[in-house]
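Q: Could you take a close look at the internal cavities here, and tell me what lines them and which parts of the fold the lining comes from?

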Amino acid sequence: MTQKLKVFSWLLFDFANTAFSVMMVTFVFPLYFKNVICGGAPSGDAMWGGSVSVSMLFVALISPVLGAASDYSGRRKRYLFFFTLLSVLATALLGFSVPGMAIAAALLFVVANMGFEGGLVFYDAYLKEIASDKSIGRVSGYGFAMGYLGSLTILLLMMPLLRGGIVLENASNIRTGFMLTALFFAIFSLPLFIVLRDEKKRDGRAVSVGLIVRSIKEVKHTVRHIMHYPDLARFLLAYFFYNDAILTIIAFSSIYAQNTLAFTTRELIIFFMLVQTTAIVGSIVFGFITDRIGPKRTIVFTLMIWFGVVLAAVFADSKELFFATGMLAGMAMGSSQAASRSMMAKLTPREHVAEFFGFYDGTFGKASAI
């Protein structure tokens with residue numbers, strides 16, 4: 001099996017799961033939850049933020065342990081399959097959510113987002129396996145570029161269903177869109193599970209009490225000795241803070257644009273398509289830059305762009321300025337995420353790759369969102 005086929009199947013998974021991200025986390029479902037399920041009540045904002053936080057908290061708690069278990073057992077793909085299936089099924093069930101089902105819909109979203117975010121731990125851990133040190137920045141950038149291409153694709157597919165707006169009168173079309181999102185995620189994630197293989201290690205069982213106990217001990221040992229990896233510890237601490245800002249912007253951008261700046265659904269679709277387009281460019285261009293100047297310098301540069309984005313958003317009192325800010329945010333989003341993943345992969349010892357990505361994607365990445 002060629003290495004190119006492995007890389008392509010890995011890239012397709014990003015194509016699949018970012019469709020979930022844009023539809024269910026960033027754009028459509030937050031507005032549907034607030035304006036349709038919660039009837040526009042102000043409490044919908046708090047319940048939405050709480051749902052995101054709870055799902056992130058679960059992922060933050062379990063990711064390092066399950067990451068260590070997958071390192072020890074060599075069953076990384078099985079863990080990824082479980083979390084992917086969890087997300088796909090819960091997303092499909094959200095296709096039955098109607099007004100007045102706020103608690104049930106919030107719980108289903110928690111499960112769906114847990115599956116999506118939890119799976120990223122094992123997905124990202126493959127990066128060190130499929131890419132060389134010289135190409136890791138480019139491959140990481142290609143992954144995010146494919147993800148944003150997936151976002152563009154799902155937005156184009158959903159345009160006929162969203163034409164009537166994210167309002168009660170168009171609720172049935174929106175719910176159909178959630179089911180199609182689940183199908184999209186399932187279909188394009190399949191190649192990874194067919195092509196990539198697990199490497200059987202010391203304990204071949206995917207899950208057992210003994211394996212989980214041993215994994216907990218391994219995580220405790222890592223926490224106590226993480227200062228043996230000073231560069232990694234400093235990077236994770238920095239990532240905790242700057243990733244919080246990025247996740248906050250992503251989670252509330254659609255609600256802010258519609259409810260504060262009075263964006264129409266059509267304008268929102270155009271806005272997010274522009275953001276995904278600039279994110280594709282940022283991911284690819286900065287992937288090459290990362291391999292040339294190193295991930296640290298690239299991250300510093302992209303954070304300077306983010307600083308400009310946040311300042312511009314504070315003063316964005318018109319749709320035109322918010323459009324321009326969003327395009328710059330897309331460039332920063334693709335580049336910073338790709339460079340951060342490259343940095344983590346370079347700093348991580350191969351024997352603890354999924355465990356350490358559990359800290360990166362889970363403990364530090366998701367706990368910051370809480």
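A: Start with helix 3 (43–73) and helix 5 (102–125): in this predicted model, each of them puts at least two residues into the lining of the largest cavity. Helix 3 is the top contributor there, giving 4 residues. If you want to click through the whole lining, pick Val59, Ile62, Ser63, Leu66, Phe83, Gly118, Val121 and Phe122. Sorted by class, that set comes out as 6 nonpolar and 2 polar, with no charged residues. As for how much space they enclose, the volume of the largest cavity is about 40 Å³.

There's another one to look at, since the structure holds 2 cavities of 30 Å³ or more. The second largest cavity comes in at about 30 Å³. Its lining is made up of Phe13, Asn17, Phe83, Thr84, Ser87, Gly115, Phe116, Gly119 and Phe185. Helix 1 (3–26), helix 4 (76–93) and helix 5 are the elements supplying two or more residues to that lining. The class split is 4 nonpolar and 5 polar, and again nothing charged.

Now put the two side by side. Phe83 turns up in the lining of the largest cavity and also in that of the second largest. Helix 5 is another shared piece: it gives at least two residues to the largest cavity and two or more to the second largest. So far as charge goes, neither the lining of the largest cavity nor that of the second largest has a charged residue.

Terms used. Residues are numbered from 1 along each chain as its sequence is written. This is a predicted model: local features need pLDDT of at least 70, side-chain atom pairs count only at pLDDT 80 or more; totals for chains, interfaces and linings use all residues. Side-chain values use heavy atoms; hydrogens and water are left out. On a 1 Å grid over the protein atoms alone, a cavity is a set of points where a 1.4 Å probe fits but cannot get out, and a pocket is an open set with protein on both sides within 12 Å along at least five of seven lines; lining residues have an atom within 4 Å of a point. Grid points are joined across faces, edges and corners, and a volume is the space filled by probe spheres set on the points. Ala, Val, Leu, Ile, Met, Phe, Trp, Tyr, Cys and Pro count as nonpolar, Asp, Glu, Lys and Arg as charged, and the others, Gly among them, as polar.
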